[in-house]
Amino acid sequence: MLIYLVIAPILFAVLLYLFPTSKISKSIVIVAQALLVAAAFVLFYQSRTNEISLNIGDYGGFLGITLAVDQLSAIFLILTVVIFFALTIYNIGENNSKFFWFLLFLLEGTLIGLFLTRDIFNIFVLAEVTTVLGAIFLMYHRIRRSMYDGLVYLMVNVIVMQFYLFGIGFLYMLTGVLDMDQSALVIATTLDNSQLTLPFALIKTAIAAKCSLLPLMTFLPKVHSIPDAPSSVGTILSCLQVKAGIYLFLRFRHIFQGIDASSFFLILGIITAVFGIILALGQTNIKSILAYSTIAQVGLIVIGLSLEGTYSYIGSLYHVFSHAIAKATLFLSAGIIMRVYDTLEMSKIKGVLKEIPVVGFVTILAILSMTGAPLFSGNISKYFMMSEANFIIYPIIILINLGTITVFIKYATILFGKMPAVTEEEIDEAKATGVLQEDRDNIERTGFFAKAEAIILRIDIFKEIAVVLLAILCLLGGIFGTELIGLLFHYDVVIRFADIAEKAIIFVCSWGAGYFIYRFAVKKNASLKFIGHLDLNFRTICVSIGGFFALTLLVVGVVLS
Amino acid sequence: MYILWAMLIFLIPYLVLIVRGPTVWDRILGMSLVSTKIIIIVIIFSSLNHLDYLTDFAIIYVLLGFIVTFFITTFLVTRKKREK
Amino acid sequence: MIYLLLVLWLFLAFCIIGEKRNIRIVIYLCVFSFISSISFLILGSPDAAMAEAAIGTFTGIFFIICFEKHRELRFNEKNASVFSRDEDPPDIDDERAVQALLKLRKKARARTRGKHNAKSILQRYLAPGLFSILLFILFIVFLPGGEANPYLRNQFLTQFSEHVGGENAVTAIYLAYRVYDTLFEALVLVIAVVAVIHMSYSSDILVKGGKPSHVGQYVVVVSVLRVICAIVLLFGFYLIMNGHITAGGGFQGGLFIAAFFICRYLVYDIYDLPITKVIRMEELVFLSTVIFAVLIVFLGTINHLPPVFHIVYMIVMNFLIGLKVACGFLILFYRYIAIERR
Amino acid sequence: MEILGNIIIILGIIFMLFGVIGIFRYQNFFVRILIASKIDTVGALTVVIGLAVKHGFSFFSLRVVLLLVLMFIINPMVTHIIARSAYESGQNIDGSVDDIEEGNE
Amino acid sequence: MINIIAILMFFISFFGLITSHSMIKSIVFTVLMESAVILFFLSLGFQSGIIPPIGVNLENLEHVADPLPQALMITAIIIGVAVTTIKITILMSFFRKFKTTDWDEARILSHHHEEDENNND
């Protein structure tokens, strides 16, 4: 059962590629996806009572590779299939080639594999596969900016995975096994911390780059927000690939139990969140805002995971869930907006609520969920995250939430106003500016020219269905928050009404403050814009990787011991 | 054993030839000479350790070294001809 | 003895750092991979050494094809001082766009050149060098001591012939114990082939209109190559079929079969290949590899089969993987030779 | 047999030594390739024959002899390709350097 | 001792990565980095007089090399070459389009739309 969940999508993808016709029947794709979702839910239901594990080949003695589903894996598994199901619905109406579905299903299979496997080396293999697939997906349209960014993405990920491989080497040398649980056991019983410092630093460097925990890692949001890439890939990278980094973070925290670096990661998370918010405020492109706010939320999740206590752990994991779904909603609706307006520039997008009311409404719901409004899933997760924070962390989380609100107030400005009229000169200018002809042809650019001819665009109904479904999930996650947490984590939580009321007051105040900050400090701030467009070149990224490695090594080896 | 050391020491001047050689042909020549030395090292290694199957490696290095050398020279000479 | 080899290895790496000419980098890289291969052999890992030697050859070949194209494009550009238009570029239609890009590149080049030239060599290399040395020293300081834990090694060495059979522990591991990894490895190759086809400059799949190899004039060489062709192919099959007994296996044998096609290209100037069929075949072989692995290992059938069938399983699996790798590298090579080079 | 093999091997090594000296002594590429490759081939063959003699008549020797045949064909061929390519691409016989490399910057 | 050489190699290629302006050389350095890691893996448990894990009579386990890192490294080698071919392909199509292999120039060229917009404001 376990292994087929990984192998079936891959086999299906290759079969699709082998299929003689170039267009794939939509019903096959949707049925396959629905079957996967059903299988994942069955697996989730089974794994609630006890951990399901499978030793491939039944060799025992940690000789083979073990796949297993426990609570943590099950959450990520459910998240993966839900988001991929939404993506399938989103893309079903489009004339995508079979190559698109090939990539989508392969990515799904490998990501599921990444969440199921318990073998340290197998994670390396699967991470490489997902990286390569992500890079190809980014270059799906094969145009200008995506090539440079895709190359940087591929190179940096390969370098980082070499660090990871080095770490595996030391881990294997010390423990003699590659199985996660067994190596955790061996480490806990026989090894001391001084031996583990180096593999810890190496592996954490790789994981931090995967989930863009490094404050300097601006290449990852840049990759997520490539304007020419399909918006599905931004969704996958931003919602699942980054979350895979968090998953590995948790797994390896379990392996290196002896090393308590939570204060280090707490500080790192705060820095990441603050940087993410500042960078997000400086963006002028709707996809970039979303991508940079992902960084801020990753920082928040890491803060929550570094706090001690069950409630903050559950809250952070639930935030992974709620953030991924809200962010997927926003990314996909940004894709629709891009279709209609033929641009991603905020200054040119106005009046979404009036032009495409469904998307506008969905965006409002997702923003409310992201910012933690009462009745939404973001509220529940932030509530639990804050419930065990001490008096220093508590205001910091509120401030970060304030920053997030400011970011999304900025984002929300696209919803209102009046759709700008397009003049003849603008069309000519757009044709003339250095845009190569190929770029125009490759993306199906319907919006711009359609608008010029004053034709109201017909939006794909499937896209709207997908975003509406995701938005409903956001709302459900809030209303049935405690029940859902009970279902996912097998843990009964209590929400006090007084706290909710307090949070609601704080939330309203935050919105007011956020609006004022936006109005007077952010709106026309040139320095923020300058910071937002800071871009590291490849060499500086490598230096920052090395610097992070040295920092982790020194902190863990000298300061904490 | 002494042959192994002799071959290893012979590698050094050939590497110097590869790095220093005034023309690109010297470098390619050095490459083929290094591959010859490595073949002999493999044979001696297999005879010292009594591992007969390692002589397969000698055949591998002969064939691969030949293919690489041939490929590089062919490409260089066609390029040169075209640019003239 | 191994230390001398490794010092030479490091020396070559330093040479690559200081080198600016592409051809020399390829030559250093080939020698580098030869030396690393022999070092791996001396470290007691013939399978990895064989893979490294074959892969080094292929990497060198891919690099040299691309460098030749790189050089040719630069040469054309230098002579024509405009973007070359001879190679059916689909993107350069708009004259204004070309001019804009050209102007921009000139500006960019002036800016970066100014930055590069402003620093002396010492300034350019001192800080990065110190940084790397610092990282190295930190690494050495925190190097974990102690012997390697031999648990899994002993388990594998004592049990592999009973569990899997054969005489080569490495083959036993990657065909039976860790076949799950091997499937993904094959998948990476499938993806690489698809990616190379999708992302290269020319979007057509068929490989036609490549350049001939110009070997026909070397009469002596061609007649020798014909003999060597056969030896390479035979050797590839030998490696595949004996993968479970001696060093070698599916990957190495597959690489040798692909090398046979390189020789064939060199001798007969064949550059048009029914590539769609080969791609289809590659994916069919991949599918059958996965299904075979599922049937035999994942369902646990191998534990109930008599030992003779273990050998059969290993031979068939090696053969499938070999075919898969051969097809993959064949497509990659012909892609490079016919399309990247065009 | 052991002693005979050793003598042959030492002879081969001496051949190779001459080759190394020749590489650094002459300035002209064609002289260099003549000396290096010829002496190298002979030296390698001698060393391999010496090893085969040392081992006597065994399976190892059979394989080594097979290899010997392969080397006997391929080594001169490599030299031939390099020398001919160098000549055809305009490497001057009189020794002046005409380099066809170029940087990537 | 061998692992120290592998680490040295790792940082030599790291040094190359942080100093080279050329994309081509960066790709070459990632290849070198991979071989450094492979050497490190294969040197685990090395002692002089080690023999490969091939053959039926491996009773004397003292001098037999560890087979697991070798199997892992074959996987790593194949993955490495697959990724390298993809990188070369992207590099070549990039070069054909923008006629440059310099990281800084490439960055300016591929982001020039944004830069223009910044200058206009």
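These notebook entries record what I looked up in a predicted model.

**Conventions.** I number residues from 1 along each chain as its sequence is written, with chains lettered from A and ligands numbered from 1 in the order in which they are written. In this predicted model, local features need pLDDT of at least 70, side-chain atom pairs count only at pLDDT 80 or more, and totals for chains, interfaces and linings use all residues.

**Entry 1: chain B.** I looked up the elements first and found 3 helices and 0 strands in chain B. Helices (H or I, at least four residues) and strands (E, at least two) are DSSP runs, numbered from the N terminus. The order from the N terminus is α-α-α. The C-alpha trace of chain B spans about 55 × 25 × 10 Å along its principal axes. Its radius of gyration is 15 Å, where a compact globule of 84 residues would have one near 12 Å; the radius is taken over C-alpha atoms, and the globule rule is 2.2 Å times the number of residues to the power 0.38. Of the 84 residues, 70% count as buried. A residue is buried if 20 or more other C-beta atoms lie within 10 Å of its own, exposed if 12 or fewer, and partly exposed in between, with C-beta atoms placed from the backbone.

**Entry 2: chain C.** I counted 12 helices and 0 strands here. Buried residues make up 53% of the 342 residues in chain C. I then took contacts (C-beta atoms, placed from the backbone, within 7 Å). Of those in chain C with a separation of 6 or more, 74% join residues 24 or more positions apart. In chain B, 40% of contacts between residues at least 6 apart in sequence join residues at least 24 apart.

**Entry 3: α1(B) against α1(C).** I examined helix α1 (residues 2-20) of chain B and helix α1 (residues 2-17) of chain C, whose axes come within 11 Å and cross at roughly 5°. Axes are lines fitted to C-alpha atoms, for helices over the stretch in contact, and angles run from 0 to 180 degrees between N-to-C directions. The two helices are therefore roughly parallel (under 35 degrees; over 145 is roughly antiparallel, 65 to 115 roughly perpendicular, the rest oblique). Leu8(B), Leu11(B), Leu15(B) and Val19(B) meet Leu4(C), Leu5(C), Leu8(C), Phe11(C) and Cys15(C). By class, this contact has 9 nonpolar, no polar and no charged residues. Ala, Val, Leu, Ile, Met, Phe, Trp, Tyr, Cys and Pro count as nonpolar, Asp, Glu, Lys and Arg as charged, and the others, Gly among them, as polar.

**Entry 4: chain E with chain C.** I found 71 residues from chain E and 79 residues from chain C in this contact. On the side of chain E, α3(E) gives the most, with 24 residues. That side divides into 48 nonpolar, 16 polar and 7 charged residues.

**Entry 5: chain A with chain E.** This contact takes 28 residues from chain A and 31 residues from chain E. On the side of chain A, α5 (120-138), α6 (144-175) and α25 (538-559) each supply at least two residues, and α6(A) gives the most, with 15.

**Entry 6: α5(A) and α1(A).** I noted that 19 of the 19 residues of α5(A) are buried, so the helix is largely enclosed by the rest of the structure. In α1(A), the buried residues include Leu2(A), Phe12(A) and Tyr17(A). The buried residues of α1(A) pack against elements including α2 (26-49) of chain A and α8 (179-199) of chain C.

Note on methods
Contact = placed C-beta atoms within 7 Å.
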